[in-house]
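Below are some notes on the model, written for a colleague who will read them beside the sequence and the coordinates. They deal mainly with charged pairs, and end with a strand pairing and a surface patch.

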Amino acid sequence: MKKTTITLLLLVIGNASAFAQIGINTSNPQAPFHVDGGKDNPATGVPTTAQQANDFAVTSAGNVGIGTTTPSTKVDIISTTAGALKITDGTQGNGKILVSDANGVATWQNSSPAVIINSNTGGSVTVATTLTYLGASAVVTIPGYYLISPRLITDSTPANCSNFIAYNLSTSTTALANAAFPLQEAHFAPSAINSFIYSTNVGYLAAGTYYMLVRYNGTCTSIKSRATPGQNDFALTLLK
């Protein structure tokens, strides 16, 4: 009876040890699940970097390693050859970049030729001394630094009533949110009866819909935007 008990205990311990780690093509697994693709790992000790190059491992933390038995992130790929990652989902193409949406789902997006986004044309709107949405907007899908080129002419009454006119891009039509220029709007000097915004500035834009907001400083009876393409819109060019 005593021998039987000891034998069963040894079997239990042996089975626990055997199933603690699973090694394929190796008797020396380095993780709970370890595949030695090249069958070149040593019987004891830690495989060299070169030996790990053909290995696949899953740790107790759920990290997956390809080319490494000690992945430090959820997916850790180590390769000495360029092009270690390949994603073919129908959106791939030459010169594209991998872009995430708000939920972390990535697709390939165009990066070459240049990404140029033109807004729609705004309307005839009375500009206030606080930021006013004039109707021009554009959708940004690739976050990054953009050349922002506003095109706006406003008509003022009476002459010389404005001290300056300023604009910003915002993901809100009523307040600054994810502003292209977070510290200060871009300011421009007026002319006698018109205010012009034709320039190019650099700003960081996150993904989202951006609206051009405009304000003026002065004592105008009226200052109104034009509803004409090229006179009330803006263009965005993604910097590479």
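1. A residue is called buried here when its relative accessible area is under 20%, exposed when that value is over 50%, and partly exposed in between. Please keep in mind throughout that this is a predicted model.

2. With that cut-off, aspartate 233, which has a relative accessibility of 6%, counts as buried, and its place in the fold is strand S17, made up of residues 232-238. Its surroundings, leaving aside residues up to four places away in sequence, include Ser119, Asn120, Thr121 and Ala136, and also Ser149, Pro150, Arg151 and Met212, each of which is touched by aspartate 233.

3. Which residue forms a salt bridge with aspartate 233? The partner is arginine 151, and the closest N and O atoms of the pair are 2.8 Å apart. Because aspartate 233 lies in strand S17 and arginine 151 in strand S10, this pair ties together parts that are 82 residues apart in sequence. Whereas aspartate 233 is buried at 6%, arginine 151 has a relative accessible area of 24% and is therefore partly exposed.

4. The side chain of aspartate 233 also has a backbone neighbour to consider, since one of its polar atoms lies 3.0 Å from the backbone nitrogen of glycine 230. The contact with arginine 151, by contrast, joins two side chains, and its length as a polar contact is 2.8 Å.

5. In general, side chains of opposite charge can pair when their charged atoms come close. The count of salt bridges in this model comes to three, and the two pairs not yet described are taken up in the next points.

6. Aspartate 155 and arginine 226 form a salt bridge in which the closest N and O atoms are 2.9 Å apart. This pair links distant parts of the chain, with aspartate 155 in strand S10 and arginine 226 in the loop between S16 and S17, 71 residues apart. Aspartate 155, with a relative accessible area of 31%, is partly exposed, and arginine 226, at 25% relative accessibility, counts as partly exposed too.

7. Glutamate 185 forms a salt bridge with arginine 215, and here the closest N and O atoms are 2.6 Å apart. The two residues come from distant parts of the chain, 30 residues apart, for glutamate 185 sits in the loop between strand S11 (162-170) and strand S12 (186-188), while arginine 215 belongs to strand S15 (residues 208-218). Glutamate 185 is buried, with a relative accessible area of 14%, and arginine 215 is buried as well, at 17%.

8. Strand S10 (residues 144-157) runs antiparallel to S16, and four bridges join them; in S16, lysine 224 is the bridge partner of aspartate 155. The side chains of S16 (residues 222-225) alternate, so that Ile223 and Ser225 point to one face and are buried, while Ser222 and Lys224 point to the other and are not. This follows a general pattern, because in a regular strand the side chains alternate between the two faces of the sheet.

9. Finally, the surface carries a nonpolar patch formed by Phe56, Ile66, Val75, Ile77, Leu85, Ile87 and Leu98, which together have about 560 Å² of accessible area. Of these residues, leucine 98 lies in strand S6 (residues 97-100) and, at 39% relative accessibility, counts as partly exposed.

Technical notes. Residues numbered from 1 in each chain as written. Predicted model: local features only at pLDDT ≥ 70, side-chain atom pairs only at ≥ 80, totals over all residues. Heavy atoms only, no water. Patch = residues over 30% accessible without salt bridge, like charges linked within 9 Å, V, L, I, M, F, W, Y side chains within 5 Å. Areas by Shrake-Rupley, 256 points an atom, 1.4 Å probe, with all protein chains shown as cover. Salt bridge = Lys/Arg side-chain N within 4 Å of Asp/Glu carboxyl O. Buried < 20%, exposed > 50% of the residue type's maximum accessible area, 1.4 Å probe, protein only. Polar contact = N/O pair within 3.5 Å; in protein donor to acceptor, adjacent residues only side chain to side chain. Contact = heavy atoms within 4.5 Å. Pairing = 2+ DSSP bridges.
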